Amino acid sequence: MASESNQDRRGFLKNTGLLTGGALLSSLPFSTQAAKGYHFSVNDTIKVALIGCGGRGTGAAQQALNTKQNVKIVALADTFRDRLDSAYKALTERGLKAADGTPKVDIPEDHKFVGFDAYKQAMALADVVILATPPGFRPSHFEEAVRQGKQVFMEKPVATDAPGVRRVLAAAEEAKKKKLNVVVGLQRRYQPSYRDMIKRIHDGAIGDIVGGQVYWISGGVWQKPRQPNQTEMDYQMRNWYYFNWLCGDHINEQHVHNIDVANWVKNSYPVSCQGTGGRQVRTGKDYGEIFDHHIVDFVYADGTTINSQCRHYEGTYSRVDEMFLGTKGKIEGMEKKSSALMSYNGQPIYTHDAKADGNPYQIEHDELFEAIAKGQYKFSDAERVAKSTMTAIMGRMATYSGKTVKWDEALNSQIDLFPDKLAWDAMPKSLPDKDGFYPIAVPGKTTAV
Ligand SMILES: NC(=O)c1ccc[n+]([C@@H]2O[C@H](COP(=O)([O-])OP(=O)(O)OC[C@H]3O[C@@H](n4cnc5c(N)ncnc54)[C@H](O)[C@@H]3O)[C@@H](O)[C@H]2O)c1
């Protein structure tokens with residue numbers, strides 16, 4: 001998470017691109033009172049643009065509005081007008097008002113942007129951007145947010161292929177130079193129980209971590225039927241979950257949460273991995289090109305292996321959790337409300353009391369907006385989430401190819417999944433055959449990196 005460096009308010013605004021030559025102090029989005037940590041006056045508005053108006057984006061915007069700061073949503077961007085409209089409806093139906101009585105969701109028609117370039121215009125109107133599109137767009141949107149000097153909340157994962165990860169790593173460096181706060185929605189990093197337990201693990205409570213398992217085994221997600229006269233681009237965009245240029249497969253889209261916990265506990269990234277995967281249950285042409293299960297051994301530099309399992313099988317045992325084995329003890333379930341570090345003879349070493357714990361989705365925003373309001377630079381999540389995203393993508397490379405994949409070769413992979421052109425009549429790289437089936441990776445034949 002963060003380098004804890006503070007800077008003076010003027011420097012902060014200058015670095016974040018909010019102060020331009022000759023600008024009147026009264027026209028700044030925050031007051032100097034806010035810089036000193038005082039309560040906001042009615043004029044101290046933090047303007048937010050939401051890029052990607054789906055389920056999570058709408059939720060994240062609500063959480064931004066729920067913070068103690070004077071947050072307003074001022075612009076929306078989406079590739080689909082219907083998604084933008086439903087987010088606008090959800091955000092306005094609470095009728096939230098700022099202290100001066102003005103609406104907290106104040107979005108005139110000319111601040112609603114639709115299309116592949118919509119994000120640029122929406123960002124220009126804001127101090128903070130929420131990036132919640134499918135992850136395939138995250139590298140270009142994050143780059144643009146940093147270029148425009150915006151503070152960022154962005155959802156995980158942050159890319160779907162190695163070229164995308166490298167772009168995010170480069171933009172993360174730039175964000176650090178500009179002292180832009182960047183929070184990424186791997187909310188376990190903001191969940192009090194995880195923070196408490198992992199700090200104790202790092203302090204040695206269960207000795208050195210020598211093994212573990214991380215899981216996202218559950219049912220699947222939505223699917224939207226193909227419409228008559230729908231272009232291939234439109235179909236893939238509506239069904240982004242099933243296409244790797246947009247989603248990266250569910251090992252990346254969902255399981256990155258648990259893989260990131262493994263990296264956090266180990267305080268490093270795996271040096272190699274090998275795995276098994278395929279399509280056992282979800283085999284129809286409606287499910288694009290992704291696998292329905294992946295099992296991967298991630299090997300760390302000290303020789304520790306963390307096993308990862310993710311699958312989408314309806315009607316089966318489910319578990320979304322992590323467990324770790326140390327030389328002196330273990331933790332069997334990080335997700336449990338009262339997770340406990342245990343000795344091998346069954347004695348609790350430490351139990352986390354979760355009674356007063358807040359919602360981690362809200363905490364992410366509370367901490368980000370408080371830092372922004374106080375003029376503090378505290379959060380630089382992008383680099384480590386890019387590396388956890390790379391870990392998940394490396395796992396996919398291993399299950400698709402059936403080969404052992406090393407970190408350096410994975411990170412330097414030139415396999416670029418993104419379409420050559422973004423337009424509704426342009427063709428993505430993965431296309432259906434005459435019967436509507438997409439090419440599926442075949443271990444032993446598919447190229448890994
Ligand atoms: N942290 C969490 O627990 C959590 C939970 C759910 C989703 N997510 C993440 O949030 C992101 C969005 O997921 P979701 O469930 O909200 O999906 P969604 O389909 O509901 O929303 C995505 C939205 O982005 C829009 N969009 C697509 N491409 C765009 C572009 N180029 N420019 C602007 N808008 C574009 C879509 O039209 C859609 O409205 C994903 O990265 C997902 O992994 C995180």
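**Reading the ligand site and the sheet**

Mentor: In this predicted model, an N or O atom in the side chain of tryptophan 240 is 2.8 Å from an oxygen atom of the ligand. Taken alone the ligand exposes 840 Å², and the protein buries 90% of that.

Trainee: Which backbone atoms lie 3.5 Å from an oxygen atom of the ligand?

Mentor: One is a backbone N or O atom of glycine 54. Threonine 133 also places a backbone N or O atom 3.5 Å from a ligand oxygen.

Trainee: Where does the ligand sit, and which residues around it come nearest?

Mentor: The ligand occupies the largest pocket. Two elements, helix H3 (55-65) and helix H6 (138-147), give two or more residues to the shell around the ligand. There are 26 residues around the ligand, and the nearest are Arg56, Asp78, Arg138, Glu253 and Tyr361.

Trainee: Now the sheet. In what order do the strands stand?

Mentor: In general, strands of a sheet pair through backbone hydrogen bonds, either parallel or antiparallel. Here six strands form an open sheet with parallel pairing, in the order E3-E2-E1-E4-E5-E6. Strand E3 (112-114) and strand E6 (182-184) each have a single partner strand, so one side of each is left without a neighbour in the sheet. From one strand to the next, the twist averages 20°.

Trainee: How many bridges join strand E1 to strand E2, and what is the bridge partner of alanine 49?

Mentor: Strand E1 (residues 46-51) and strand E2 (residues 71-78) run parallel and are joined by six bridges. Alanine 49 has alanine 75 in E2 as its bridge partner.

Terms used
Residues are numbered from 1 along each chain as its sequence is written. This is a predicted model: local features need pLDDT of at least 70, side-chain atom pairs count only at pLDDT 80 or more; totals for chains, interfaces and linings use all residues. Side-chain values use heavy atoms; hydrogens and water are left out. Two strands pair if DSSP finds at least two bridges between them. Helices (H or I, at least four residues) and strands (E, at least two) are DSSP runs, numbered from the N terminus. Axes are lines fitted to C-alpha atoms, for helices over the stretch in contact, and angles run from 0 to 180 degrees between N-to-C directions. A residue is near a molecule or strand if one of its heavy atoms lies within 4 Å of it. A polar contact is a pair of N or O atoms within 3.5 Å; within protein, one must be able to donate a hydrogen and the other to accept it, and residues adjacent in sequence count only if both atoms are side-chain atoms. Accessible areas come from the Shrake-Rupley method with a 1.4 Å probe; for residues, only the protein chains shown count as cover. On a 1 Å grid over the protein atoms alone, a cavity is a set of points where a 1.4 Å probe fits but cannot get out, and a pocket is an open set with protein on both sides within 12 Å along at least five of seven lines; lining residues have an atom within 4 Å of a point. A molecule sits in a cavity or pocket if more than half of its atoms lie within 2 Å of its grid points.
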